[in-house]
Amino acid sequence: MLVNQLIFRGKGDKIALREKGATYSYSQLQARTNHFRNYLYARGVREKDNIALFAKNSADFIFSYMAVVSLGGVVVPLNTMLTSREISFILKDSRVKHMITDKTLDLSGQYQDSQVPPAQFLTTQISRELNHSTYPAAPGVAIQDSDPCAILYTSGTTGRPKGALLSHGNLLMNSRSFSEATGSGADDNFLCVLPMFHSLAWTCIVLTALYKGASLTILESFLPKEVIATIRDQGVTTVIGVPAMYGFYASLARPEDLAGVRIFISGGASLPLEIINSFYEKTGKPVIEGYGLSEASPAVCFNPMHATKPGSVGLPLPGVEVKIAKPDGSEADCREVGELITRGPNVMLGYYGLPVESAKALRNGWLYTGDLAYIDEEGYIFIVDRKKDLVIVSGLNVYPREVEEVLYQYPAVKEAAVIGMPDKKRGEIVRAFVVVKEGMKLNKKDLIIFLKTNLASYKLPREIMEIDSLPKNATGKILKKELREIQPR
């Protein structure tokens with residue numbers, strides 16, 4: 001089976017997608033996807049082309065994605081919060097030929113005279129043309145489940161985003177395993193308010209729902225009161241979110257608003273016990289945690305629905321193996337901390353165009369995650385820390401090196417270091433430390449304006465602290481542990 005064939009899993013007259021102002025049955029989903037397919041082929045999309053997809057949550061996102069991969073193309077989902085600089089890097093790195101977007105993007109300043117930005121197809125224009133024109137049927141394409149389906153960009157510790165190349169088989173097997181672990185069925189109604197460009201939303205919500213022939217209720221963005229009303233009024237049974245969302249549910253929702261939900265799932269970052277407890281006190285229902293990463297499509301572990309362990313990310317999904325590796329590569333003992341490594345049909349093909357980085361991450365069939373963890377006597381996995389210097393803001397990855405590199409471009413900054421700090425609403429926030437050049441003064445307001453033009457909003461430091469010097473060891477390495485002990489003035 002291929003990812004694009006999931007749209008045929010539901011009964012024809014059953015509701016597949018709900019969004020504001022529109023509802024689509026599975027038959028309508030199939031027809032609309034086919035129309036998009038014919039349009040894109042007529043506009044030059046071909047097998048093995050990398051096609052960027054920049055759009056907020058919508059049915060059009062799903063039509064576009066499924067149309068591209070049915071033509072043998074590879075989708076490059078773009079984070080809609082990225083700046084033109086960040087977007088252009090990904091487009092160039094992945095050699096994108098065409099873009100499907102819900103708004104015209106001005107990328108001209110990011111390309112030199114000899115370079116031509118990808119052609120942009122507006123979803124509104126596609127829909128408008130399809131309402132008045134019929135396009136010839138695009139030819140069939142022979143696609144294997146081992147063929148590439150998507151490239152998911154995730155920043156590296158060097159600050160250079162890397163594209164995790166996922167096959168049809170990777171995504172299908174992960175949605176299948178996740179549906180088994182969560183007990184999902186055709187009667188479920190999945191809420192999709194997490195951004196579809198994010199692997200958690202795409203695999204664990206969209207693909208899992210389609211795999212089971214279930215329904216999807218789509219919201220463009222997270223507005224707490226609107227989301228709570230939608231859960232109540234649309235009969236949502238499956239809610240998947242990041243920790244910050246559950247804080248809002250616990251404080252704003254009434255028990256009857258969430259009474260119809262079968263399962264609440266949290267991912268993207270560790271869920272504070274304070275939120276778990278307050279949510280349970282309000283609703284009488286648990287929030288179940290799992291663990292994953294883009295390179296694994298993304299789901300790796302999930303707590304059994306009726307045997308969860310607070311603080312644990314659960315057990316490996318069906319068909320997925322997990323081990324804890326010591327620095328020498330041998331397997332760690334029970335409760336001994338080491339690097340979490342995993343293998344299975346969900347593990348990526350490699351990083352797009354980066355053979356050295358791929359070989360480092362994929363060794364002897366195992367994906368080295370860079371996360372430190374241990375396994376208890378019953379096989380439950382506990383994440384202890386991150387080997388990578390990663391900050392997770394509302395479920396979105398922020399790599400300090402990328403933010404630091406932008407800080408260094410500001411004229412008054414001599415040195416910079418970035419860390420993550422705990423935050424009740426977002427899980428973590430970005431805190432920046434800067435050393436100012438001699439004879440210069442730091443204008444924080446001007447610095448923030450500079451950062452906003454070069455970084456997505458969730459990557460922006462919420463706190464900027466000016467210090468005389470950065471703590472370093474004998475080799476000049478910045479001691480970020482000491483930075484975490486510095487309190488704001």
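# Notebook: a walk through a predicted chain

**Entry one: a tyrosine to start from.** I began at Y351, which sits in strand 18, residues 350–351. A reminder to myself before going on: this is a predicted model. I looked up how covered Y351 is, and its relative accessible area is 7%, so it is buried, the cut-off being under 20%. Next I asked which residues Y351 touches once its neighbours within four places in sequence are set aside. My list reads K162, G163, A164, E295, E357, S358 and A361. I also took one long span from here: Y351 and Y39 are 312 residues apart in sequence, and their C-alpha atoms are 30 Å apart in space.

**Entry two: stepping back to the whole chain.** I wanted the overall picture next. The protein chain has 13 helices and 26 strands. Its radius of gyration is 23 Å, close to the 23 Å that the globule rule gives for 489 residues, so the chain is as compact as a globular protein of that length. Along the principal axes, the C-alpha atoms fill a box of roughly 65 × 60 × 50 Å.

Then I looked at the inside and the outside. Buried residues make up 54% of the 489 residues. The accessible surface of the chain comes to about 21,400 Å², and carbon and sulfur atoms hold 50% of it. Among contacts with a separation of 6 or more, 64% join residues that are 24 or more positions apart. For charge, I noted 56 positive and 51 negative side chains, with the centres of the two sets 3 Å apart.

**Entry three: helix 1.** I stopped at N38, which lies in helix 1, residues 26–42. Is N38 buried or exposed? Its relative accessibility is 7%, so N38 counts as buried. Leaving out residues up to four places away in sequence, I found N38 touching Y135, P136, A137 and A138.

**Entry four: helix 3 and what follows.** In helix 3, residues 84–93, I wrote down the buried residues: E86, I87, S88, I90, L91 and D93. After the helix comes R95, whose phi is positive, near 55°. I marked this one because R95 is not a glycine and is exposed, with a relative accessible area of 64%. R95 belongs to the loop that runs between helix 3 and strand 5 (98–101).

**Entry five: helix 7, two sides.** Which residues of helix 7 (residues 224–233) are buried? I found P224, V227, I228, T230 and I231. Seen down the helix axis, the buried residues fall within an arc of 160°, so they line one face of helix 7. On the other side, K225 and D233 are exposed.

I then asked what the buried residues of helix 7 pack against. There are four partners to look for in the structure: strand 9 (189–192), strand 10 (215–218), strand 11 (238–241) and helix 8 (243–252). Just after helix 7, I came upon G235, which takes a positive phi of about 65°.

**Entry six: on to helix 8.** Helix 8 holds F248. At 30% relative accessibility, F248 counts as partly exposed. I checked its contacts, again without residues up to four places away in sequence, and F248 touches F222, P224 and A253. One of these was already in my notes: P224 is among the buried residues of helix 7. For a long span, I took F248 and L2, which are 246 residues apart in sequence and 37 Å apart in space, C-alpha to C-alpha.

**Entry seven: two loops with backbone details.** Where is P298? I found P298 in the loop between strand 13 (287–292) and strand 14 (299–302). The peptide bond leading from S297 to P298 is cis, and its omega is near 10°.

My last stop was R335, in the loop between strand 16 (321–325) and strand 17 (338–343). R335 is not a glycine, yet its phi is positive, about 65°. How accessible is R335? I have it down as partly exposed, at 44% relative accessibility.

**Loose ends to revisit.** I would open the structure again at Y351 in strand 18, at the buried face of helix 7, and at the cis bond from S297 to P298.

Conventions. Residues numbered from 1 in each chain as written. Predicted model: local features only at pLDDT ≥ 70, side-chain atom pairs only at ≥ 80, totals over all residues. Heavy atoms only, no water. Rg over C-alpha atoms; globule rule 2.2 N^0.38 Å. Buried < 20%, exposed > 50% of the residue type's maximum accessible area, 1.4 Å probe, protein only. Contact = heavy atoms within 4.5 Å. Areas by Shrake-Rupley, 256 points an atom, 1.4 Å probe, with all protein chains shown as cover. Lys, Arg positive; Asp, Glu negative; His and termini not counted. Charge placed at Lys NZ, Arg CZ, Asp CG, Glu CD. Arc of directions from axis to C-beta.
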